[in-house]
Number of protein chains: 2
Amino acid sequence: MGTARVVFDRWDGRYAAAMADVRFSAVRDLFAAASRPDVISLSGGMPDVRRVPHALVEKAVRDALRHDGASALQYGSSEGRRPLRSIIVGLMGESGARLSEDDLVVTSGAQQGLDLLAKVFLDPGDTVICEGPTYVGALQAFSVYRPRVECIECDGHGMRVDLLEETLRRLGPRGAKFIYTIPNFQNPAGVTLSPERRRRLLELSREYDVPVIEDDPYGRLRYEGGHILPLRALDPEVIYLGTFSKIFAPGLRLGWLAAPRPILAKVLLAKQGADLCGSSFTQAVAERYMTGTAWRRVLADLTRTYHERRDAMLDALAEHFPADVTWTHPEGGFFVWVTLPGHLDTKPLLAEAVERGVTFVPGSDFYPSGQGSNSLRLAFCYEEPAQIAEGVRRIAEVLEDKLALYHAFVEAGVMPAAPAASRLEA
Amino acid sequence: MGTARVVFDRWDGRYAAAMADVRFSAVRDLFAAASRPDVISLSGGMPDVRRVPHALVEKAVRDALRHDGASALQYGSSEGRRPLRSIIVGLMGESGARLSEDDLVVTSGAQQGLDLLAKVFLDPGDTVICEGPTYVGALQAFSVYRPRVECIECDGHGMRVDLLEETLRRLGPRGAKFIYTIPNFQNPAGVTLSPERRRRLLELSREYDVPVIEDDPYGRLRYEGGHILPLRALDPEVIYLGTFSKIFAPGLRLGWLAAPRPILAKVLLAKQGADLCGSSFTQAVAERYMTGTAWRRVLADLTRTYHERRDAMLDALAEHFPADVTWTHPEGGFFVWVTLPGHLDTKPLLAEAVERGVTFVPGSDFYPSGQGSNSLRLAFCYEEPAQIAEGVRRIAEVLEDKLALYHAFVEAGVMPAAPAASRLEA
């Protein structure tokens, strides 16, 4: 497919206008790079499914076929199978959010939820508000519908709601179609929205009448600190995206979207056009897998594993990274966000890193345009602690040359020192 | 969800403009009706997956987990797994179309292919050409992107290419974004595009520079007559949609989209935004299921079964249906299209049919607006021959009252007799 992008295209000029604005996913190429066994991958946010026992999956399939019979192989309802929706209601109840089976639909990963919400809400030129940096897949899903994206800066406590208020005031009531946020262990910044800010965000949502989309893929992967109630638990009008990718496996492509019923009815129409219905087979398998307690032991093992890896990364960063580089302290999830001083651009550094056998994601991928170039995302979810330490060491080597040059420039008065405010740290 | 459509919607006026045009799928409610065990379903086009041996599926899962290990549970590439794409290349080769693994992407059923193509090609107000009647799911997928839909009438040999030529001449070169056709055992009409018309359709596509989308879910389910080469075999610029729903099982939601590479590159971008990637798990299972020859024996059994059911339906129609009702003679696939005389509307008859314990789909569901109201679709894929005969008998009872009234009106000069040209028959 790589060559397809440069061949003569006789259909040029006949695509939908939106196709000119569609972002190409950096994530996709990174998945490819990460699949080379000699490269240490600190880029992709891939759960470590090698720790999910195959015997449990096989048993789930056997049970699904024996008990659900042909229905697991047949078309299903667009909402998703009711038993799976019951399980989701239970999961959300554990996190503090009360809802019923009729308040949600099963989606093909949370990514499909993003696409469906964009389809339901966005006309070209509409404004959406998200964090800056934010999830690259959300930017990609939104871009097809050609919105204007306003990014609200984050600090160590998540989205800066003071800046959100400024933006909402400037846009006026209903001035944006929605506010998109990842409150827990944000992708890519690793930061968590504080309880105070959650309450303030919801106040602002009501005051300016702008719905909130809460994307919560990592909520159950907490390594320190106490559980914080999701936005959906505080306000039933919050639209919530969940996923089985991190608590079971992403290969099944199962997520869910909970929303007020009028919105859900629109989402359902959009879903019927998009794929008729989700996979009954993977839903039936997930139902069986999520019944009983074995999945909880697997998830506890995964959480312990990710916790160790996060510690390994934070230790390695403290040991190897230069003093004027800062990073966030994630209490859960998969990612650490690293900020370099000044206007150092991390994009050209990636090739050097890959040459040394390690990958990361340049920060500018997580902004709609141009910002974040002096930052990068590191993922600690996939590699063993020793590999993580080695990967961080190699990236530090790449950074040191550039930083030496940068400091020489600053000392010579050619370049100003970086303002502290541009840094996102713990 | 049913009640969600009538509750007060405080978000009203804030949805994307497209949501006002989105069609509600009749298919969805029909799936629900068909699941009542006392109702004979002649409505939904559901493959009879009860005949797919569970042991074969279980073995496929076991093999997938043992041989593909964690990759079956992990995120995959947006194009789909290469081994599955190889299998698809083989399947298409058997039908006469030559292509390589890089000429196609795996989709979440052929329905996702329709959505992605609409996303890639359509701006509001663009024209698309399709058959009249046509697949309701295609109308639904397209409607989100707000095109003008031109329907080309069918007869017993498929789309009338003479009328297509008239339409293309009227619209001018590049006057439509694409021509959407289901050449084999069309859904809903059951008719097959003749080889001569296939060649003419492609000539017209080149002459007016309008791409063709060939949707071929039923191509392998032929009960009489010889194989006819797909359009993609005659012209590599044809965009082709295939599915595993009818040769394996719809519950896996696996289809594919083959297209010229510049178009495929756009489709891939759209797919990344829509769901990142398809399910590695179902793809790996399908790879194992489609290896060896057992699946061919299952498909041969299914084909024999559907053949018997088609015969049962055609026999019952000949026995029970009134003389002035006509229907098509499908050489394969799932559907028979029935035309009533005059302006009889089949929509209000559905409730009466359900009361007698049988379902069908009113013909107007298969047109963008208003047409086809004197027709209906019958599906013979799901019920046993005796049930099919009984279902047809019950529908005949519903029709007879209405027809008696109609004839009384015609004889009294209140209503004109139906023109023969409005009927689609074999």
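1. The loop around S245(B). In this predicted model, a useful place to start is S245(B), which, leaving out residues up to four places away in sequence, touches Y75(A), P47(B), P250(B), R253(B) and L254(B). The list includes a residue of chain A, Y75(A), alongside residues of chain B. S245(B) itself sits in the loop of chain B that runs between β8 (239-243) and β9 (255-258). Its relative accessibility is 2%, and S245(B) therefore counts as buried, the limit for that class being under 20%.

2. R253 in both chains. One of the contacts of S245(B) is R253(B), and this arginine deserves a closer look, since R253(B) has a positive phi of about 50 degrees although it is not a glycine. Most residues other than glycine have a negative phi. R253(B) is placed in the loop between β8 and β9 of chain B, and it counts as buried because its relative accessible area is 5%. In chain A, R253(A) also has a positive phi of about 50 degrees, again without being a glycine; R253(A) is found in the loop between β8 (239-243) and β9 (255-258) of chain A, and with a relative accessible area of 5% it is buried.

3. How the two chains are related. A turn of 180 degrees, with a shift of 0.0 Å along the axis, lays chain A on chain B with an RMSD of 0.0 Å. This is why the relation can be described as that of a two-fold axis. The same surface serves both copies, in that 100% of the contact residues of chain A recur in chain B.

4. The nonpolar core. Which residues have the most contacts inside the largest nonpolar core? They are F281(A) and F281(B), and the core to which they belong has 239 residues. Leaving out residues up to four places away in sequence, F281(A) touches V61(A), L65(A), A72(A) and L73(A) in chain A, and V57(B), V61(B), G251(B), L252(B), F281(B), T282(B) and V285(B) in chain B. F281(A) and F281(B) are thus in contact with each other.

5. Helix α6 of chain B. In this helix, which covers residues 161-171, the buried residues are V161(B), L163(B), L164(B), E165(B), T167(B) and L168(B). They pack against several elements of chain B, namely the strands β3 (127-132), β4 (148-155), β5 (158-159) and β6 (178-181), together with the helix α7 (195-207). After α6(B) comes G172(B), whose phi is positive, near 85 degrees.

6. Two cis peptide bonds in chain B. Most peptide bonds are trans, and a reader may therefore wish to look at two that are cis. One joins G132(B) and P133(B), with omega about 5 degrees, and P133(B) is placed in the loop between β3 and α5 (136-143) of chain B. Another joins N187(B) and P188(B), with omega about 15 degrees, and P188(B) lies in the loop between β6 and α7 of chain B.

7. R309(A). Is this arginine of chain A buried or exposed? Its relative accessibility is 1%, and so R309(A) counts as buried. R309(A) lies in helix α11 of chain A, which covers residues 294-320. Neighbours within four places in sequence aside, R309(A) is in contact with D48(A), R51(A), F380(A), C381(A), Y382(A), E383(A), E384(A), P385(A) and I388(A). By contrast, E94(A) stands 26 Å from R309(A), C-alpha to C-alpha, and the two are 215 residues apart in sequence.

8. D155(A). This aspartate belongs to strand β4 (residues 148-155) of chain A, and it counts as partly exposed because its relative accessibility is 23%. Between D155(A) and T328(A) there are 8.9 Å in space, C-alpha to C-alpha, although the two are 173 residues apart in sequence. The contacts of D155(A), not counting residues up to four places away in sequence, are R160(A), V191(A), R197(A) and L424(A).

9. A nonpolar patch on the surface. L405(A), F409(A) and V414(A) make a nonpolar surface patch of about 300 Å². Of these, F409(A) lies in helix α13 of chain A, which covers residues 385-411, and its relative accessibility of 37% means that F409(A) counts as partly exposed.

Technical notes: Residues numbered from 1 in each chain as written. Chains lettered and ligands numbered in written order. Predicted model: local features only at pLDDT ≥ 70, side-chain atom pairs only at ≥ 80, totals over all residues. Heavy atoms only, no water. Patch = residues over 30% accessible without salt bridge, like charges linked within 9 Å, V, L, I, M, F, W, Y side chains within 5 Å. Areas by Shrake-Rupley, 256 points an atom, 1.4 Å probe, with all protein chains shown as cover. Salt bridge = Lys/Arg side-chain N within 4 Å of Asp/Glu carboxyl O. Helix = DSSP H or I, 4+ residues; strand = E, 2+ residues; numbered from the N terminus. Buried < 20%, exposed > 50% of the residue type's maximum accessible area, 1.4 Å probe, protein only. Least-squares fit on C-alpha atoms with pLDDT ≥ 70 in both. Contact = heavy atoms within 4.5 Å. Core = buried A, V, L, I, M, F, W, Y, C linked by side-chain atoms within 4.5 Å.
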